[in-house]
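Please open the model in your viewer and keep the selection panel at hand. The tour below proceeds stop by stop, stating what to select and what is found there.

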Amino acid sequence: MPAITSGKVLVTGANGYIAVWVVKTLLDQGFSVRGTVRSESKAADVRKIFKSYGDKFEVVVVEDITKDGAFDEAVKGVDAIEHTASPFHFKAIEPDELIIPAVHGTTGILKSAQKHGTSVKRVVVTSSCASVLTPSTEPHVFSEADWNEASLQEVREKGRDATPQGKYRASKTLAERAAWQFYEENKANLKWDLVVLNPPFVFGPAIHAVDKPENLNESARDWYFNVVKGKLDKEALVNFGSSYVDVRDLALAHALALQKPDVAGERIIISAGPWKWQDFVSIAHRLDSHLPAGNTSYDPQKTVHLVRYAPDKERRLLGIKFRTMEETTKDTLEDFKARGWL
């Protein structure tokens, strides 16, 4: 498929932490954007954010993304789709509370694009490294060839007694698998191709409406309470970590995924590298001595990162110059200050 360098892009879940940055990045690059949100009040919020872009931005309400044909109208007249809408929280009791909207939302938009997206050339789905990694007590480098079978097994065996992380990871794995299955089964008759992006933990400043830190999305909320409020004990600070990407770099990846012809049919991990909570705590304390110092015995040179992701495919296909932990920390603290949370 040819690269998409102009035209109108549909962004689902446009009021979300990642999606708002995707919308902004696309608008700044000259695209028009149609966003979907679940309610009129959320529509009003995003209209306010993007007011200065005039008629380049429009928003439509899709109340229930699990309904058949939910996106049928939204996909009409767009050149590409960025599907970011999917539940991300650890409050589900039954696994299906996460799995059904994740899977149906993803397959639903692909079906709508197949039937009614006559001008669509590419669909980019935001998946997650949750569908890539298998939790382990030994260091491991994961790649796009890996799938999280462990969380699927956990949910199959334990149901509602599975861990909150297990339920979430299973929902992302099943949704991504369903997307690839739909694409492979229908590829011969589709006018568009599929790209899937898999970020790990996403950190960085927010630009959407959030009234208090408790209402930030999961990863940004953890960052606030662990880095700013010192919620974790000294052992957890130096032992818990994963890999991360700045939300603005992930948004850029979404834009590049439309513009690069070679990414068609690819699954791409978008990761800036590994971290432990103490890495962010140390940087934040250096920038603002009022913030907690955490575990000062931590040596980043000696720490063992259990989860790393192979960067080869992203470098080859997208080549993003990722923001450092210092840049992400500085800009996030400035955002919190501007919101009166520091």
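## First stop: a buried tyrosine

Begin by selecting Tyr-244, which is buried, with a relative accessible area of 3%. The model on display is a predicted one. Tyr-244 belongs to strand E9, which spans residues 241-246. Next, add Trp-275 to the selection: the C-alpha atoms of Tyr-244 and Trp-275 are separated by 7.2 Å, although the two residues are 31 residues apart along the chain.

Which residues are in contact with Tyr-244, leaving aside its neighbours within four places in sequence? They are Pro-200, Phe-201, Phe-203, Ser-271, Ala-272, Gly-273, Trp-275, Phe-280, Arg-323, Thr-324, Met-325 and Thr-328.

## Second stop: helix H9

From the contacts of Tyr-244, Phe-280 leads onward to the next helix. Select residues 277-287, which form helix H9. Its buried residues are Trp-277, Gln-278, Asp-279, Phe-280, Val-281, Ile-283 and Ala-284. To display what covers these buried residues, add strand E8 (201-203), helix H6 (218-228), helix H7 (234-239), strand E9, strand E11 (273-276) and helix H11 (325-338), which are included in that cover.

## Third stop: helix H6

Now select helix H6 on its own. Ten of its eleven residues are buried, so H6 is largely enclosed by the rest of the structure. The buried residues are Glu-218, Ser-219, Ala-220, Arg-221, Trp-223, Tyr-224, Phe-225, Asn-226, Val-227 and Val-228. Elements H1, E8, H7, H9 and H11 are those against which the buried residues of H6 pack. After H6 comes Gly-230, which has a positive phi near 65°.

Add helix H11 to the view. The axes of H6 and H11 are 12 Å apart, and the two helices pack at an angle of about 95°. Angles of 65 to 115 degrees count as roughly perpendicular, and H6 and H11 are therefore roughly perpendicular to each other. On the H6 side, the contact is made by Trp-223, Tyr-224 and Val-228; on the H11 side, by Thr-329, Thr-332, Leu-333 and Phe-336. By class, the residues of this contact of H6 with H11 are five nonpolar, two polar and no charged.

Remain on H11 and select Asp-335, which is placed in this helix. Is Asp-335 buried or exposed? Its relative accessible area is 12%, and Asp-335 is buried. Apart from neighbours within four places in sequence, Asp-335 is in contact with Pro-205 and Ala-206.

## Fourth stop: helices H1 and H8

Select residues 17-28 for helix H1 and residues 247-259 for helix H8. These helices pack with their axes 8 Å apart, at an angle of about 55°. That angle makes H1 oblique to H8. The crossing in which H1 passes H8 is right-handed. From H1, the contact involves Tyr-17, Ile-18, Trp-21, Val-22, Thr-25 and Leu-26. From H8, the residues are Val-247, Arg-248, Leu-250, Ala-251, Leu-252, His-254, Ala-255 and Leu-258. The contact of H1 with H8 comprises eleven nonpolar, two polar and one charged residues.

## Fifth stop: salt bridges

How many salt bridges does the structure hold? There are 19 salt bridges, and the following selections show some of them.

- Select Glu-40 and Arg-47, whose side chains meet in a salt bridge (2.9 Å, N to O). Glu-40 is partly exposed at 47% relative accessibility, and Arg-47 is likewise partly exposed, at 39%.
- Select Asp-79 and Lys-121, whose side chains form a salt bridge (3.3 Å, N to O). This pair links distant parts of the chain, 42 residues apart: Asp-79 is in the loop between strand E3 (57-61) and strand E4 (80-83), and Lys-121 is in the loop between helix H3 (96-116) and strand E5 (122-126). Asp-79 counts as buried at 17% relative accessibility, whereas Lys-121 counts as partly exposed at 29%.
- Select Lys-313 and Glu-266, joined through their side chains in a salt bridge (2.8 Å, N to O). This pair also links distant parts of the chain, 47 residues apart, with Lys-313 in helix H10 (residues 312-317) and Glu-266 in the loop between H8 and strand E10 (267-269). Lys-313 is buried, having a relative accessible area of 15%.
- Finally, select Lys-8, Arg-34 and Glu-58, which are linked in a network of salt bridges.

Key:
Residues are numbered from 1 along each chain as its sequence is written. This is a predicted model: local features need pLDDT of at least 70, side-chain atom pairs count only at pLDDT 80 or more; totals for chains, interfaces and linings use all residues. Side-chain values use heavy atoms; hydrogens and water are left out. Axes are lines fitted to C-alpha atoms, for helices over the stretch in contact, and angles run from 0 to 180 degrees between N-to-C directions. Helices (H or I, at least four residues) and strands (E, at least two) are DSSP runs, numbered from the N terminus. Angles under 35 degrees count as roughly parallel, over 145 as roughly antiparallel, 65 to 115 as roughly perpendicular and the rest as oblique. A crossing is left-handed if the near helix is turned anticlockwise from the far one by less than a right angle, and right-handed if clockwise. Contact means heavy atoms within 4.5 Å. Ala, Val, Leu, Ile, Met, Phe, Trp, Tyr, Cys and Pro count as nonpolar, Asp, Glu, Lys and Arg as charged, and the others, Gly among them, as polar. Buried means under 20% relative accessible area, exposed over 50%, partly exposed in between (1.4 Å probe, protein chains only). A salt bridge is a side-chain nitrogen of Lys or Arg within 4 Å of a carboxyl oxygen of Asp or Glu.
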